[in-house]
Amino acid sequence: MEGFTMNSRRKFIRDLVGASAGLGLVHLPADLLAKQDLVSLSILHTNDIHCHIDPFPKDHSVYQGRGGLARLSGLINQIRKTEKNVLLFDAGDMFQGTPYFNYYKGELILKVMSEMGYDAGMIGNHEFDNGMDGIEESIGFAKFPLVCSNYDFSKTRLYDTFPTYNIYRKNGIKVGVYGLGVELDGLVGAQNYLETEYLDPVKVALEKELFLKKEKGCDLVICLSHLGLQYKEQKISDRLLAAETHYTDLIIGGHTHSFLDSPLKLKNADGNRILVNQAGWGGMVLGRIDFIFDRHKKEDKQILSQNIPVSE
Amino acid sequence: MRYPFILIALLIILCSCNNQLVVSRVEANNISNDSLVMLSDADVAELVAPYRENLEGDMSRVISISNDDLVRAKPESELTNLVADILLETGVAFCQFANHDFMPDVAYMNYGGLRVALPKGEITVGHIFQLMPFENEMVLLKVSGETMEQFVQQIALRGGDGVAGMRLGIVDGRIGHLEVDGKAFDVKKDYWVVTNDYIAAGGDDMSMLANRKKFIETGLKIRDIMIERLELEHQRGRQIQGILDGRIYYE
């Protein structure tokens, strides 16, 4: 590195950063400072609503007067008033549980959830309760996608109904979402899912998170899971899945109707933080996780990486 | 010519640089949706209202009159007997309709699956929904005599349950006496059991039923069966009469 002093090196980097910023390759620090450094994204979520559109009865033995989707929607709208960037997800089993389902199949619950402004849902095992016909007849009432990555519907009539991932952009934050369903065999009558193929959720998760993070460049990767929080036996669950992943930031779970005080902070395959949350069931809890991004911190990281070639 | 080399290397690095945002902080809060939430979404309430009205109208439809309060109890009860009897009758009717060369020998309705008592007087659709909130379907199972014995042993162990087509005497949580279809139980014979898909899948500690020789799904929901049977009997002018016939007893 003869003839290339520390001072000239710094100047060189400064010039280079300035030049390339004009090409849109990187942001200028000044450009960033003009904006807010911190940007927050609120992830709201439910699971296992089970058609509990009305609150539990006041004389219910356990859940007196809790839940109710009009009230839940009121709560969500309140958060939307104070937070700019909000995404609302559900982790499956919207169907089954009250006469609203027996009478109106998926129609009313999907209409209500559409009115509430869900950004995505997932397919739980109970979504199959009226068979493939039941899904086909109801799905049109959902104005939000059901994201499912590990049920292969290609041999069924529902082959092009469910996206395997979805990407959301909120104020410059790119959020990738994939979905994992629980194994159907033994849980759902075979006549109800027909040729739907269940794919290994871990394998699918690793593919999807890599794709969303690296190819699509998502800032945040979220998994909508209906695998269940944990089991006594070695059955795949959100806990076991979390330990296998690399790029998933949050698993929004369901199926086991788990009431958590706060999300579990677990370690992924690289020892980094991954959150796992679940919001009870029946619309009794709204999970809320706010991710605060530091736009400035990203710049630090880049400057750090820029130092590598010149200090060889 | 080191300078251009570094320039190119830097450009490559910059272009491939990770533009992704980094999470610096996370705040989480699982919020309870209870009476503390003051604001209801009027649009959602308005959307649901006509559906609720229509539903409540149907739920209040009277389908039968009961002469007794039907309460579940062990070893047997009017309620468990009623449901098991209807299940057995419907299982037989299903086999006749489907031209099967067999009939169910016994019916089993798990005690825990019946969630409320039925009151004396008018029975509505809503009552049956409360009695059976689950979407269980009627299924038929062919099991070996040995599996049947384990199955009945489990019923004996829990001190009674909802059965039809058998007579069971329990001694200290074990089978003391067992008749099926009016004949002495034969462990070398196969038996057909009509029950719900939850039990057939091994629910309620009935895992021995996974060991079955044949399995037939009917696609009929047990609640629908109950509503239709009771309504039909009602139209024929027959009221619900609680039956206690000693089908399960303590010796």
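These are my notebook entries on a predicted model with chains A and B.

**Entry 1: ground rules**

I number residues from 1 along each chain as its sequence is written, and chains are lettered from A and ligands numbered from 1 in the order in which they are written. Because the model is predicted, local features need pLDDT of at least 70 and side-chain atom pairs count only at pLDDT 80 or more, while totals for chains, interfaces and linings use all residues; side-chain values use heavy atoms, with hydrogens and water left out.

**Entry 2: chain A as a whole**

I looked up the make-up of chain A and found 10 helices and 11 strands. Helices (H or I, at least four residues) and strands (E, at least two) are DSSP runs, numbered from the N terminus. Of its 312 residues, 56% count as buried; buried means under 20% relative accessible area, exposed over 50%, and partly exposed in between (1.4 Å probe, protein chains only). I then checked contacts (heavy atoms within 4.5 Å). Among those in chain A between residues at least 6 apart in sequence, 76% join residues at least 24 apart. Chain A exposes about 13200 Å², and carbon and sulfur atoms supply 51% of that area. Areas come from the Shrake-Rupley method with a 1.4 Å probe; for residues, only the protein chains shown count as cover.

**Entry 3: a hairpin in chain A**

Next I followed strand β9 of chain A, residues 264–267. Leu264(A) and Leu266(A) point to one face and are buried, whereas Lys265(A) and Lys267(A) point to the other and are not. In a regular strand, side chains alternate between the two faces of the sheet. β9(A) runs antiparallel to β10(A), residues 273–277, and four bridges join them; two strands pair if DSSP finds at least two bridges between them. I noted that Lys265(A) has Leu275(A) as its bridge partner. The two strands form a hairpin with five residues between them, and Gly271(A) in the turn has a positive phi of about 80°.

**Entry 4: positive phi outside glycine, chain A**

I found Gln96(A) in the loop between β2 (86–90) and α4 (99–104) of chain A. Its phi is positive, about 75°, although Gln96(A) is not a glycine. With 5% relative accessibility, Gln96(A) is buried. Asn171(A) sits in the loop between β4 (165–170) and β5 (173–180) of chain A and has a positive phi near 50°. At 37% relative accessibility, Asn171(A) is partly exposed.

**Entry 5: a sheet in chain B**

Over in chain B, I traced an open sheet of four strands in the order β9-β8-β7-β12, with mixed pairing. β9 (183–184) and β12 (248–250) stand at the edges with a single partner strand each, so one side of each has no neighbour in the sheet. β7 (residues 166–171) and β8 (residues 174–180) of chain B pair in the antiparallel sense over six bridges. Met166(B) stands opposite Val180(B) of β8(B).

**Entry 6: from β2 to α3 in chain B**

Is Ser64(B) buried or exposed? Ser64(B) is buried, at 1% relative accessible area, and belongs to strand β2 (residues 62–66). Leaving out residues up to four places away in sequence, Ser64(B) touches Gly121(B), Glu122(B), Ile123(B), Leu230(B), His234(B) and Ile240(B).

I then moved to the loop between β2 and α3 (78–97) of chain B, where Pro75(B) lies. The peptide bond from Lys74(B) to Pro75(B) is cis, with omega near 5°. α3(B) has 20 residues and reaches 28 Å from its first C-alpha to its last, close to the 28 Å expected at 1.5 Å a residue; the expected span is 1.5 Å times one less than the number of residues. After α3(B) comes Asn99(B), with a positive phi near 55°.
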